[in-house]
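Me: I have a structure open and would like to go through it in order. Can you take my questions as they come?

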Amino acid sequence: MVKIYSLAGIYIHIPFCKKACVYCDFHFSTSMKNKSELVNCIRKELKVRKGYLETNQIETIYFGGGTPSLLEKEELQNILETIHKEFEVAQDAEITLEANPDDLTIEKIKELKSCGVNRLSIGIQSFIGRDLLFMNRSHTIKQAVESVANAKELGFDNMTIDLIYGIPNLTQTEWKRNIQKALELDVNHISAYCLTSEERTAMHHDIAKGKYELPKEEATSKQFNVLVSTLQENGFEQYEISNFSKIGHNSKHNSSYWKQKNFLGVGPSAHSFNGKTRHWNVSNNGRYIKGANDNNWVSEEETLDEKTRYNEYIMTSLRTSWGINLKYLKENFDPLFVSHFIKESKRFVIANSLIQKGTHFTLSQEGKLLADGIASDLFVVE
Ligand code: SF4
């Protein structure tokens with residue numbers, strides 16, 4: 001296998017939230033009881049597992065969750081101090097922290113900046129009170145707008161906001177207005193996701209009970225299309241199906257997942273990847289803490305065979321603006337996989353769902369609506 005990238009990333013999962021959003025299937029707890037102990041375990045895991053990565057050089061650090069903006073200044077400082085002690089962090093490393101608007105007081109924003117965070121990912125989701133209530137979000141529209149304005153005022157020039165479409169009762173007009181409001185905030189990155197019903201969520205339960213249903217695909221496709229065209233008209237590049245950025249503001253950390261770079265994930269439920277194996281921690285705060293204290297970490301690991309690596313490459317690259325690179329396939333996979341790709345991709349190129357430019361294959365606009373189906377047809381299954 002040809003190794004293209006040498007620098008790696010670190011992901012830190014902070015598994016605490018003030019409230020449970022109805023759609024969320026990430027791992028989190030609404031009880032803060034063990035927060036400081038869990039932070040200490042995360043620091044311990046960073047020390048114990050630093051050898052998982054083949055390199056010690058880190059170019060991105062990402063605090064995700066859960067709600068990392070619930071960390072106290074000292075907790076955040078301590079985690080970052082451990083990372084700097086155990087790893088060689090690049091001078092210009094991208095350090096992102098996911099935040100909910102209600103946590104981003106002026107004082108908090110100053111704290112985050114002083115700790116070295118240089119990119120904020122703010123979970124706005126909607127500018128409609130009805131939808132925030134429906135989703136059980138912890139913030140108001142006013143807090144969302146003010147959090148972005150204050151962060152800019154205090155020197156954050158690298159920010160992304162999250163939006164959700166496909167919410168029951170969200171009209172096309174309301175969605176267009178949401179996109180306009182997002183543009184008015186003048187941020188350089190926007191992520192937008194279609195609401196989906198995941199098992200073991202309150203929303204899934206309510207849908208099963210017949211309380212409401214999610215909009216049909218025809219409606220969500222319209223919302224997706226208006227999202228893409230409006231953001232493109234306003235200078236954003238869709239560099240991944242759900243991610244849009246102004247030039248030079250792609251998320252380095254998330255791009256590294258899609259470019260097969262290595263990353264170490266610490267904290268409950270965090271995943272890691274080192275080119276050969278995928279590793280994931282237990283999704284339970286109590287068991288994670290006990291494992292850390294007993295030095296008997298609760299996690300699983302699988303060695304990735306060639307088929308899995310190929311399928312993962314197809315799935316992630318297909319969603320990006322750089323697409324699937326035939327040259328990369330030839331350099332990294334058995335010729336049988338390469339000929340499978342060449343054979344299976346032909347009909348999508350003819351149907352104009354895939355566009356071939358040189359050795360790169362990317363999705364056309366229509367193809368983006370069919371991404372999952374196309375990916376699974378390109379997979380090797382036997
Ligand atoms: S704040 Fe984020 S992680 Fe927490 S429940 Fe809501 S969507 Fe999930």
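Reply: Yes; what follows goes from the overall fold to helices, the ligand, a sheet and two backbone details, and the model is a predicted one.

Me: How many helices and strands does the protein have?

Reply: There are 15 helices and 15 strands. The radius of gyration is 21 Å, close to the 21 Å from the globule rule for 382 residues, so the protein is as compact as a globular protein of that length.

Me: What does the C-alpha trace span along its principal axes?

Reply: About 55 × 50 × 45 Å.

Me: On to helices. At what angle do helix 1 and helix 2 pack?

Reply: Helix 1, residues 35–48, and helix 2, residues 73–86, pack at about 5 degrees, and their axes are 9 Å apart. Angles under 35 degrees count as roughly parallel, and helix 1 and helix 2 are therefore roughly parallel to each other.

Me: Which residues meet there?

Reply: From helix 1 the contact takes in Ser36, Val39, Ile42, Arg43, Leu46 and Lys47. Helix 2 brings Glu75, Asn78, Ile79, Thr82, Ile83 and Glu86. Sorted by class, this contact has five nonpolar, three polar and four charged residues.

Me: Now the ligand. What surrounds it?

Reply: The surrounding residues include Cys17, Cys21, Cys24, Phe26 and Phe28, and also Gly65, Gly66 and Thr67. Asn100 and Gly123 are among them too.

Me: How many residues of that shell are charged?

Reply: None; the shell divides into six nonpolar and five polar residues.

Me: Gly65 and Gly66 caught my eye. What kind of peptide bond joins them?

Reply: A cis peptide bond, with omega at about 20 degrees. Gly66 sits in the loop between strand 2 (57–65) and helix 2.

Me: And what is the sign of phi at Arg200, positive or negative?

Reply: Positive, at about 60 degrees, although Arg200 is not a glycine. Arg200 lies in the loop that runs between strand 6 (189–194) and helix 7 (202–208).

Me: Last topic, the sheet with strands 13, 14 and 15. What is the strand order?

Reply: The order is 13-15-14, in an open sheet of three strands with antiparallel pairing. Strand 13 (324–325) and strand 14 (354–357) are at the edges with a single partner strand each, so one side of each has no neighbour in the sheet.

Me: How many bridges pair strand 14 with strand 15?

Reply: Four, and the pairing is antiparallel; strand 15 covers residues 360–363. One of the partners in strand 15 is Thr362, which bridges to Ile355.

Technical notes:
Residues numbered from 1 in each chain as written. Predicted model: local features only at pLDDT ≥ 70, side-chain atom pairs only at ≥ 80, totals over all residues. Axes fitted to C-alpha atoms, helices over the stretch in contact; angles between N-to-C directions. Helix = DSSP H or I, 4+ residues; strand = E, 2+ residues; numbered from the N terminus. Parallel < 35°, antiparallel > 145°, perpendicular 65-115°, else oblique. Contact = placed C-beta atoms within 7 Å. Nonpolar A, V, L, I, M, F, W, Y, C, P; charged D, E, K, R; others polar. Near = placed C-beta within 6 Å. Pairing = 2+ DSSP bridges. Rg over C-alpha atoms; globule rule 2.2 N^0.38 Å.
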